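Got your viewer open and a cartoon view ready? Here is a short tour, one selection at a time.

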Amino acid sequence: MSEVRPMATDEVAQIAQLYRVVDNSDWRIPPSELAGFFQRILVEDPWADPEIPTLVHVEDSGEITGFIASHVRRMKFDDTTIRLASGGPLIAHPKVRNRAVGPRLWKRYLAGPQELTIADGASDEMREIFELIGGQLLHPSSIAWVRVFRPFGFTGNRVLRQRPRSKALGARMWPGLDTAAGTIKYFRPPAGPDTTSEPLTPKLLLEHMPVVTRSLRLFPAYDEPYLNWLFAELHDNRTWGTPVGRFVRDDRARPLGWYVYYLLPGEGCQVVHVAAKDRHAGDVLDALFADAAQHGGAGLQGRVEPRLLPALAHRGCLFRYSSRSLVHSPHPELLAALAAGQALLTRLEGDWWMTT
């Protein structure tokens with residue numbers, strides 16, 4: 001009879017092989033490096049927690065036919081340190097998908113000691129499973145936003161992504177068309193107040209985190225070892241482009257906040273994290289938009305965080321509902337803080353940016 005149990009550290013290679021069999025999408029991490037990738041994010045993560053492990057579904061023969069990866073994050077809720085568990089990816093071999101492997105893995109994972117569980121970038125199948133066993137949509141964060149700077153490059157490269165020859169032809173055409181489009185006010189990044197920026201480092205982030213989170217109830221309890229690991233992983237995983245992190249100051253050198261995004265010249269760039277002092281979200285977004293446009297990004301895409309929504313709306317962003325952010329907690333006060341926008345919970349705390 002099959003069982004669900006914690007993954008052993010010597011089973012990482014099997015996890016990687018199963019992932020490769022099930023997810024045969026456009027690979028940016030070479031197959032030969034995939035086991036090392038899972039070793040780093042599942043075993044070498046400084047916040048990896050043996051009480052909230054990656055779970056595997058194992059056949060009588062010993063074959064692993066499913067797993068749910070576990071990523072534990074330490075958070076502050078009011079004056080208490082809690083554990084957030086981000087579950088994903090959820091993988092099941094095609095031959096066992098009629099045996100409810102996904103629900104079994106999720107049910108066991110949600111029974112762990114974590115106070116809060118999230119799934120970021122969930123598939124429709126994963127969402128259905130999650131809701132059946134007590135989870136719910138995190139509605140504000142299930143809204144995606146986009147701000148376009150180069151409309152022909154942004155749209156053309158998305159449409160022609162699976163047609164390399166046509167995409168190459170388009171790459172020669174888009175710049176001229178986008179230059180013409182740049183005369184239209186909408187496609188120019190908004191001009192905010194004068195700001196300066198510098199590379200975002202773990203030291204800067206830790207130093208200014210208390211100011212940015214002063215009015216919040218729930219936010220990451222970062223420490224230096226974890227941030228050093230996190231920054232290294234962001235740079236090693238180039239699935240979404242080249243990571244860019246900048247710390248933003250006003251014209252008097254006062255700190256305003258910071259941002260992290262993946263730069264992919266000529267295409268839509270994915271925003272991972274934005275943190276700003278109260279009333280300065282717009283200034284930090286203006287700096288982000290200007291940086292991406294200056295370095296060739298065709299546009300920016302991200303996930304709505306409630307505290308950013310007004311500033312995004314006033315800067316010409318477009319929105320669509322994606323129903324991909326899921327949350328589960330036995331503590332109603334945690335869910336209330338998330339719904340009320342009293343939290344700093346970005347893609348950086350989930351598993352989305354790890355997608356290979």
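Before the first click, one definition: two strands count as paired if DSSP finds at least two bridges between them. Keep in mind, too, that this is a predicted model.

**Stop 1: strand β3**

Select residues 64-77, which make up strand β3. Colour them by burial and you'll find that twelve of the 14 residues are buried, so the strand is largely enclosed by the rest of the structure. The cut-off behind that word is a relative accessible area under 20%.

**Stop 2: the strands paired with β3**

Now add residues 218-220, strand β9. This strand runs antiparallel to β3, and three bridges join the two. To see one of these up close, pick Met 75 and look across to its bridge partner in β9, Pro 220.

Next, bring in residues 55-58, strand β2, which pairs with β3 in the antiparallel sense over four bridges. Zoom in on His 57 and you'll see Gly 66 of β3 standing opposite. The two strands form a hairpin with five residues between them. Click on Gly 62 while you're in that turn: its phi is positive, about 95°.

Then select residues 80-92 for strand β4. Here the antiparallel pairing with β3 covers eleven bridges. A handy pair to display is His 71 with its bridge partner Ser 86 in β4. β3 and β4 also form a hairpin, this one with two residues between the strands. Asp 78 sits in the turn and has a positive phi of about 55°.

**Stop 3: Leu 218**

Go back to β9 and pick Leu 218, which lies in that strand. Is Leu 218 buried or exposed? Its relative accessibility is 0%, so Leu 218 counts as buried.

Show what surrounds this side chain. Setting aside neighbours within four places in sequence, the contacts of Leu 218 include Met 75, Lys 76 and Phe 77, along with Ile 82 and Leu 116. Also among them are Leu 334, Leu 338 and Leu 344. For a distance to draw, try Leu 218 to Thr 80: the C-alpha atoms are 9.5 Å apart, though 138 residues separate the two in sequence.

**Stop 4: salt bridges**

How many salt bridges does the structure hold? There are 16, and three make good stops.

Start with Glu 233 and Arg 40, whose side chains meet at 2.6 Å, N to O. Glu 233 is in helix α8 (residues 224-236) and Arg 40 in helix α2 (residues 31-43), so to find both you cross 193 residues of sequence. Glu 233 is buried at 2% relative accessible area, while Arg 40 is partly exposed at 24%.

Next up are Glu 63 and Lys 95, with their closest N and O atoms 3.0 Å apart. Glu 63 lies in the loop between β2 and β3 and Lys 95 in the loop between β4 and α3, so this salt bridge ties together parts 32 residues apart in sequence. Both ends are partly exposed: Glu 63 at 31% and Lys 95 at 47%.

Finish with Asp 223 and Arg 74, a salt bridge with a closest N to O distance of 3.6 Å. This one brings you back to β3, where Arg 74 sits, while Asp 223 is in the loop between β9 and α8, 149 residues away. Asp 223 is partly exposed at 24%, and Arg 74 is partly exposed at 35%.

Technical notes: Residues are numbered from 1 along each chain as its sequence is written. This is a predicted model: local features need pLDDT of at least 70, side-chain atom pairs count only at pLDDT 80 or more; totals for chains, interfaces and linings use all residues. Side-chain values use heavy atoms; hydrogens and water are left out. Buried means under 20% relative accessible area, exposed over 50%, partly exposed in between (1.4 Å probe, protein chains only). Contact means heavy atoms within 4.5 Å. A salt bridge is a side-chain nitrogen of Lys or Arg within 4 Å of a carboxyl oxygen of Asp or Glu.
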